[in-house]
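Me: I would like a close look at a single part: a charge placed over an aromatic ring, and the rings around it. Please take it from there into the rest of the fold, with the cut-offs you use.

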Amino acid sequence: PQGATVLLNGQNAGVTPLNKELVAGDYDLRLDLHLYSPIESRFTIAESETKELPAFTLKPRFGYLTVLAEPGSAEITLDNKPVGVGQYPKTQIVSGVHTVSVADKLYHPGTEKITIADGESKVLNVKLKPAFGTLNILSEPAGAQVYIDNRLVGTTPYTNEKCASATYLVRVSLPQYTEATASVTVSDGKA
């Protein structure tokens, strides 16, 4: 493609396409363009000579990556840089090994190393595993205050369908009744 930086004997001479008057002599030519492999060549130009070099085709050093995450609120990072939420649309990236991480609260994070080859188009689907379960608390009679880790969260019957997996201290209290306390463990995907 056009727009490659032209280096003649190590000095920046402009960008392609380039027409330039040069002093007679030998030249080391280098063409550099982001996401492409550089090309190096040599040529000689004589006094009063007009020389047209052949067209150079730079070899791509990139591929394409698409990342689709579930749940759709998951944050996606590529090589430790945030790149999207829920999806990273088809994007040109430099060839090589990359680290894709997907994370969302209440889900176990996912990390994958991927290799993108020159010209390759890769789609990565990441489905995070839940790190929550359902917490149901009932009392007889209903209407008791529910405390989880000493924080008032509601009254019975109490349901939290996305309670982070962990062990909690649950206390149920209702005036004129004996208070009940229990250690409750919520597991991934369980009620």
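Reply: The charged end of Lys90 sits over the ring of Tyr64, 5.1 Å from its centre. The criterion has two parts: NZ of Lys or CZ of Arg within 6 Å of the ring centre, and within 35 degrees of the ring normal. A second case is Arg171, which lies over the face of Tyr147 at 4.0 Å from the ring centre.

First, the ground rules. This is a predicted model: local features need pLDDT of at least 70, side-chain atom pairs count only at pLDDT 80 or more, and totals for chains, interfaces and linings use all residues. Residues are numbered from 1 along each chain as its sequence is written, and side-chain values use heavy atoms, with hydrogens and water left out.

Back to Tyr64. The ring under Lys90 belongs to a cluster: Tyr36, Phe62 and Tyr64 form one aromatic group. Rings of Phe, Tyr and Trp (its six-membered ring) pair if their centres lie within 6.5 Å; planes under 30 degrees apart are stacked, over 60 edge-to-face, the rest tilted.

How many aromatic pairs does the structure hold? There are four. One of them is Tyr27 with Phe43, a stacked pair at 5.4 Å centre to centre, with 15 degrees between the planes. Tyr27 lies in strand 3 and Phe43 in strand 4, so the pair ties together parts that are 16 residues apart in sequence. Strands are DSSP runs of E, at least two residues long, numbered from the N terminus. Both rings are shielded: Tyr27 counts as buried at 11% relative accessibility, and Phe43 is buried at 12%. Buried means under 20% relative accessible area, exposed over 50%, partly exposed in between (1.4 Å probe, protein chains only).

Now the cluster. The ring centres of Tyr36 and Phe62 are 5.4 Å apart and their planes meet at 75 degrees, so this pair is edge-to-face. It links distant parts of the chain: Tyr36 is in the loop between strand 3 and strand 4, Phe62 is in strand 5 (residues 62–70), and 26 residues separate them. Tyr36 is buried at 17% relative accessibility. Phe62 is buried too, at 7%.

Thr66 also sits in strand 5. It counts as buried, at 14% relative accessibility. Neighbours within four places in sequence aside, Thr66 is in contact with Tyr88, Pro89, Lys90, Lys122, Val123 and Leu124. Contact here means heavy atoms within 4.5 Å. Among these partners is Lys90, the residue whose charged end sits over Tyr64.

Next, the sheet that carries the stacked pair. It is an open sheet of four strands in the order 2-1-3-4, with antiparallel pairing. Its edges are strand 2 (11–15) and strand 4 (39–45), each pairing on one side only. Neighbouring strands are turned by 30 degrees against each other on average, direction ignored. Two strands pair if DSSP finds at least two bridges between them. Strand 3 (residues 25–32) and strand 4 run antiparallel and are joined by seven bridges. Asp26 has Thr44 of strand 4 as its bridge partner.

His98 deserves a look as well. This residue lies in strand 9 (residues 96–103) and is buried, with a relative accessible area of 6%. Its side chain reaches the backbone oxygen of Val94 at 2.7 Å. Beyond four places in sequence, His98 touches Leu78, Asp79, Ile93, Glu112, Lys113, Ile114 and Ile116.

Last, the backbone. Two peptide bonds to proline come up here. The bond from Thr16 to Pro17 is cis, with omega near -5 degrees; Pro17 is found in the loop between strand 2 and strand 3. The bond from Glu140 to Pro141 is also cis, with omega near 0 degrees. Pro141 is in the loop between strand 14 (132–137) and strand 15 (145–148).

Positive phi also turns up. Asn9 has a phi of about 50 degrees although it is not a glycine. Asn9 lies in the loop between strand 1 (5–8) and strand 2 and is partly exposed at 40%. Ser48, not a glycine either, has a positive phi of about 65 degrees. Its place is the loop between strand 4 and strand 5. Is Ser48 buried or exposed? Ser48 is exposed, with a relative accessible area of 82%.

How values were computed: Axes are lines fitted to C-alpha atoms, for helices over the stretch in contact, and angles run from 0 to 180 degrees between N-to-C directions. A polar contact is a pair of N or O atoms within 3.5 Å; within protein, one must be able to donate a hydrogen and the other to accept it, and residues adjacent in sequence count only if both atoms are side-chain atoms.
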